[in-house]
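Colleague: Could you take a close look at one aromatic residue for me, and then set it in the context of its helix and of the rest of the fold? I would like the reasoning spelled out as you go.

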Amino acid sequence: MKKLLFLFLSLLTAGGLFQACDNSKTYAEMLEDEKNAVERFIKDSAIHVISVEDFERNDTVTKAKANGDAYDEFVFFSSEGIYMQIIDRGDYDADDKNAYKFEDRDIICTKYKEINVDTRELASFNIPTEEYMDAGQLYANPAVFVYVKKETYSAGTFVEMDYVWASYYGSTAVPQGWLLALPYLRDNAHVRLIVPSKMGHQSAQQYVTPFFYDITEFRKARS
């Protein structure tokens, strides 16, 4: 629990220092810093970026080093500024290709790890991590949200927040960056995302902070 307390204090202190040090910066300058941080992260992580057109021509599949490839492959959605890598698209039924897709009003359970792209620090999580293995309550429950999918927009509202998200962020709005991935996924999917501040949660938008997400589980709630 001492490690957990240190995490929260570090996050709060970092946020305060960021705000204090960046009062002199314009929003345009902060966006430029964000862009540079994302570019450094991509370079340092040996990520190969492909276009949406290449992604779709390749049957919406991205390569991963875990499968023996030399690099991780992310598709870049330029309008949103989001990078996505699909590790596992989820369950599949050859006789009914829509059987496991995420639909309007689905209740979705999520397991994830969130990392600050600029500092590379762990920010929020509900999957086991080596640093906090002694804090079992962190992994007890997924984050659960209601998915709203319409022709012109999508939205998500957390109805159950995991321990860290509820303690630090508190906002019930699901990051738009998460929602962009769902049309390409099915039940029990695993995806990685680089989400810019404008497509992130309230804190990301406030401090102009990009985050990397390893979402190991997008799963429909079982009734």
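Colleague: Does Phe41 count as buried or exposed, and what is its relative accessibility?

Modeller: This is a predicted model, and what follows should be read with that in mind. Phe41 counts as buried, because its relative accessibility is 8%, and the limit for that class is under 20%. For context, the chain has 223 residues, of which 46% count as buried, and its secondary structure comes to 6 helices and 9 strands.

The ring of Phe41 is best described through its partner. The model contains 17 aromatic pairs. In one of them, the ring centres of Phe41 and Phe212 lie 5.4 Å apart with the planes at 40°, so the pair is classed as tilted. Phe41 belongs to helix H2, whereas Phe212 belongs to strand S9 (residues 211-220), so this pair ties together parts that are 171 residues apart in sequence. Phe212 is likewise on the buried side of the limit, since its relative accessibility is 12%.

A second pair can be set beside this one: the rings of Phe77 and Tyr184 have their centres 5.7 Å apart and their planes at 45°, so that pair is also tilted. Phe77 sits in strand S2 and Tyr184 in the loop between H5 and strand S8 (189-195), so here the parts tied together are 107 residues apart in sequence. The two residues fall into separate exposure classes, for Phe77 is buried with a relative accessible area of 7%, while Tyr184, at 23%, is partly exposed. Links between distant parts of the sequence also show in the contacts of the chain as a whole: among those with a separation of 6 or more, 63% join residues 24 or more positions apart.

Returning to the helix that carries Phe41, H2 spans residues 27-44 and gives the most to the lining of the second largest pocket, with 6 residues. That pocket holds about 250 Å³ of space. It is lined by 13 residues, and those closest to its centre are Glu34, Lys35, Val38, Gly81 and Pro196. By character, the lining divides into 6 nonpolar, 3 polar and 4 charged residues. Glu39 is also placed in helix H2, and it is partly exposed, with a relative accessible area of 42%. The C-alpha atom of Glu39 is separated by 9.6 Å from that of Val117, although the two residues are 78 apart along the chain.

Beyond Val117 in sequence comes Arg120, in the loop between strand S4 (107-116) and S5. Its phi is near 70°, a positive value in a residue other than glycine, and its relative accessible area of 34% makes it partly exposed. Asp59 has a positive phi too, near 60°, but it is found in the loop between helix H3 (52-57) and strand S2 (72-77), and it counts as exposed because its relative accessibility is 51%.

Strand S5 itself (residues 122-125) includes Leu122, which is buried at a relative accessible area of 15%. Between the C-alpha atoms of Leu122 and Phe211 the separation is 9.7 Å, with their positions 89 residues apart along the chain.

Phe211 brings the account back to the aromatic residues, for it is part of one aromatic cluster that also includes Phe102, Tyr112, Phe145, Phe158, Trp165, Tyr168, Tyr169, Trp178, Tyr213 and Phe218. Two members of that cluster, Phe158 and Trp165, are in contact with Ser171, as are Met161 and Gln202, when neighbours within four places in sequence are left aside. Ser171 lies in the loop between helix H4 (163-168) and helix H5 (176-181), yet it is buried, since its relative accessible area is 14%. The side chain of Ser171 also reaches the backbone nitrogen of Ala173 at 3.3 Å.

To return to your residue: Phe41 is a buried residue whose ring forms a tilted pair with Phe212, and it is carried by helix H2, with its partner in strand S9.

Note on methods: Residues numbered from 1 in each chain as written. Predicted model: local features only at pLDDT ≥ 70, side-chain atom pairs only at ≥ 80, totals over all residues. Heavy atoms only, no water. 1 Å grid on protein atoms, 1.4 Å probe; cavity = no way out; pocket = protein on both sides within 12 Å on 5 of 7 lines; lining within 4 Å. Points joined across faces, edges and corners; volume = space filled by probe spheres on them. Helix = DSSP H or I, 4+ residues; strand = E, 2+ residues; numbered from the N terminus. Nonpolar A, V, L, I, M, F, W, Y, C, P; charged D, E, K, R; others polar. Buried < 20%, exposed > 50% of the residue type's maximum accessible area, 1.4 Å probe, protein only. Polar contact = N/O pair within 3.5 Å; in protein donor to acceptor, adjacent residues only side chain to side chain. Contact = heavy atoms within 4.5 Å. Phe/Tyr/Trp six-rings, centres within 6.5 Å; stacked < 30°, edge-to-face > 60°.
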